[in-house]
Amino acid sequence: MIDYGDFQFAGPPGTGSLWFSQVMRPYRTVQYISSGGVYVPFEGYPKNTLRVSLVRHPCDWLSVWFDRLRDGYELPPILKSFFDNFDQTDLTWFIKSYLDLKPGAISKLFLSYDSDSYLRTEDLPWAVFEFMEMVAIPNTEPLPATTVLQLASVLKDSVLYHEVIQADKEMVDAFDYF
């Protein structure tokens, strides 16, 4: 969790949270950073201001982590055991592992941030422009390029896609994913 004074920010790994904190550097001085950094949910921290987080389509999020794990990416502490026993043969088996071992866990993770405002990764960078306007941050610097890929289309209309949507229905409904 990062406290910027007039708002706090935290987001799950794989949603663009590091990008968001990079965007805010020229505009806001960090008042406090939790020991786990940007990925630590707000729980246990005083709620004295607006809380903001990022979310990502569950299929996109799984796709990103499949690629990262295959590339040897080191998991942040909040995800250390999330992918235990997942089959990494290919994306299909990885998603089947999620559905067999942890259905609905993405919803639980994302909703654990308990934010006042959620920005959808798929809506970047425009969601950040709107947020900056809402909290009166003048947009005087160009935003860094996003590397957010929208991968759900790869799975769109597949049986697995619909099974993930059902497994994470709470999040899908809350953030208008379909």
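**Helix 2 and the aromatic contacts**

Within helix 2, the buried residues are Pro-58, Cys-59, Asp-60, Trp-61, Leu-62, Ser-63, Val-64, Trp-65, Phe-66 and Leu-69. The model is a predicted one. Because 10 of the 13 residues of helix 2 are buried, the helix is largely enclosed by the rest of the structure. Helix 2 covers residues 58-70, and its end C-alpha atoms are 18 Å apart, in agreement with the 18 Å expected at 1.5 Å a residue. Gly-72, just after helix 2, adopts a positive phi of about 85°.

Three of the buried residues of helix 2, namely Trp-61, Trp-65 and Phe-66, also belong to an aromatic cluster. Ring pairs join Trp-61, Trp-65 and Phe-66 to Tyr-73, Phe-82, Phe-83, Phe-86, Phe-94 and Phe-110 in this cluster. One cluster member, Phe-82, also carries a charge over its ring: the charged end of Lys-102 is placed 5.2 Å from the ring centre. A second lysine, Lys-96, lies over the face of Trp-93, with a distance of 4.6 Å to the ring centre.

The count of aromatic pairs is 19. In the pair formed by Phe-7 and Phe-131, the ring centres are 4.9 Å apart and the planes stand at 80°, so the arrangement is edge-to-face. This pair connects distant parts of the chain, since Phe-7 lies in strand 2 (residues 7-9) and Phe-131 in helix 5 (residues 126-134), 124 residues apart. Phe-7 is buried, with a relative accessible area of 0%, and Phe-131 likewise counts as buried, at 2% relative accessibility.

Conventions. Residues numbered from 1 in each chain as written. Predicted model: local features only at pLDDT ≥ 70, side-chain atom pairs only at ≥ 80, totals over all residues. Heavy atoms only, no water. Phe/Tyr/Trp six-rings, centres within 6.5 Å; stacked < 30°, edge-to-face > 60°. Helix = DSSP H or I, 4+ residues; strand = E, 2+ residues; numbered from the N terminus. Buried < 20%, exposed > 50% of the residue type's maximum accessible area, 1.4 Å probe, protein only. Lys NZ or Arg CZ within 6 Å of the ring centre and 35° of its normal. Expected span 1.5 Å × (residues − 1).
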